[in-house]
Amino acid sequence: MKKSVLLASAAVMMCYFTSCGGKKTEEAAAPAEEATTEAAVPEYRIMDELPTVDLSTFPKDKDGKISLFDGKTFNGWRGYDRADVPDAWEVVDGTIHIKGSGAGEAGAKDGGDLIFAHKFKNYEFEFEWKVGKGSNSGVLYMIQEVEGQKSYISAPEYQVLDNENHPDAKLGKDGNRQSASLYDMIPAKPQNSKPFGQWNKGKIMCYKGTVVHYQNDEPVVEYHLWTQQWKEMLDKSKFSKDKWPLAYELLLNCGGENKEGFIGLQDHGDDVWYRNITIKELD
């Protein structure tokens with residue numbers, strides 16, 4: 001009888017500890033499950049050892065506009081995340097031309113984005129652009145050079161596109177991937193770009209977080225960096241925290257600690273030309 005009681009007691013105690021153990025395991029696992037629902041930000045390194053230029057050595061007109069392209073050389077320019085200019089870029093007939101590779105985002109064999117090697121903060125950046133049929137590019141600003149990553153991971157983009165022939169014009173939402181749009185976030189309105197093969201005028205004004213895109217002398221986009229509006233736009237874009245944690249982190253804190261960055265021209269594997277590139281600092 002005593003032995004039976006002992007066995008019964010042991011069975012009860014085993015059931016008790018098993019149920020408690022199961023419950024404790026579930027409770028212990030809950031925080032881990034919750035943690036996995038929030039995308040972790042991968043580690044990254046900002047490249048700060050690459051060459052920059054002295055802006056005072058570039059010509060400035062009476063209105064304070066500094067010429068960033070002399071029409072003949074790549075003086076002041078280099079590849080993103082490299083010290084030289086990729087061979088896919090050339091200076092031809094007073095323009096900066098990216099030679100189409102036909103490989104799309106894969107780019108040319110020696111391609112990659114081109115940047116002007118000086119960080120800007122508050123400014124009016126002006127340029128002219130034209131595209132080949134079905135071509136895609138972009139002007140990126142507030143770029144941070146992140147090791148092993150593309151320039152657009154940290155930079156808002158002024159879209160440069162053949163709206164009639166490139167499929168990206170029909171993607172996104174409400175035309176927010178058409179020319180002069182804030183790529184994948186705000187559509188350019190009115191949409192007044194000229195067809196492929198014709199020159200368009202572009203302008204980007206950045207001042208203390210307020211950003212305005214102009215196309216052919218008309219303001220077409222306005223937004224404000226580092227605000228709740230900016231966060232909400234990122235949350236709804238391809239750069240959201242769930243879809244792309246590193247891009248979200250870098251874009252949310254656009255321009256880094258000093259709120260400044262490089263300006264760059266994108267290699268998207270297509271023929272695009274740029275000319276009359278100037279900047280006026282607003283500090």
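Two strands pair if DSSP finds at least two bridges between them. This is a predicted model: local features need pLDDT of at least 70, side-chain atom pairs count only at pLDDT 80 or more, and totals for chains, interfaces and linings use all residues. Residues are numbered from 1 along each chain as its sequence is written, and side-chain values use heavy atoms, with hydrogens and water left out.

Q: Is strand S7 largely enclosed or open?
A: Strands (E, at least two residues) are DSSP runs, numbered from the N terminus. S7 covers residues 136–143. Eight of its eight residues are buried (under 20% relative accessible area, 1.4 Å probe, protein chains only). The rest of the structure therefore leaves S7 largely enclosed.

Q: Which residue of S8 stands opposite asparagine 136?
A: S7 pairs with S8 (residues 157–161) in the antiparallel sense. Five bridges join them. Opposite asparagine 136 in S8 stands leucine 161.

Q: Which residue of S12 stands opposite isoleucine 143?
A: S7 also runs antiparallel to S12 (residues 261–265), with three bridges. Opposite isoleucine 143 in S12 stands phenylalanine 262.

Q: Which residue lies over the face of phenylalanine 262?
A: A charge sits over a ring if NZ of Lys or CZ of Arg is within 6 Å of the ring centre and within 35 degrees of the ring normal. Here the distance from the ring centre is 5.6 Å. The residue is arginine 78.

Q: Are the rings of phenylalanine 127 and tyrosine 158 stacked or edge-to-face?
A: The structure holds 10 aromatic pairs (Phe, Tyr or Trp six-membered ring centres within 6.5 Å; planes under 30 degrees apart stacked, over 60 edge-to-face, the rest tilted). In this pair the centres lie 5.3 Å apart and the planes stand at 80 degrees, so the geometry is edge-to-face.

Q: How many residues apart are phenylalanine 127 and tyrosine 158?
A: Both phenylalanine 127 and tyrosine 158 are buried. Phenylalanine 127 sits in S6 (residues 123–131), tyrosine 158 in S8. The pair links distant parts of the chain, with a separation of 31 residues.

Q: Which residue offers the backbone nitrogen that the side chain of asparagine 176 reaches?
A: Asparagine 176 is in the loop between S8 and S9 (200–207). Asparagine 176 is buried, at a relative accessible area of 5%. Its side chain reaches that nitrogen at 2.9 Å. The partner is lysine 173.

Conventions. Buried < 20%, exposed > 50% of the residue type's maximum accessible area, 1.4 Å probe, protein only. Helix = DSSP H or I, 4+ residues; strand = E, 2+ residues; numbered from the N terminus. Polar contact = N/O pair within 3.5 Å; in protein donor to acceptor, adjacent residues only side chain to side chain.
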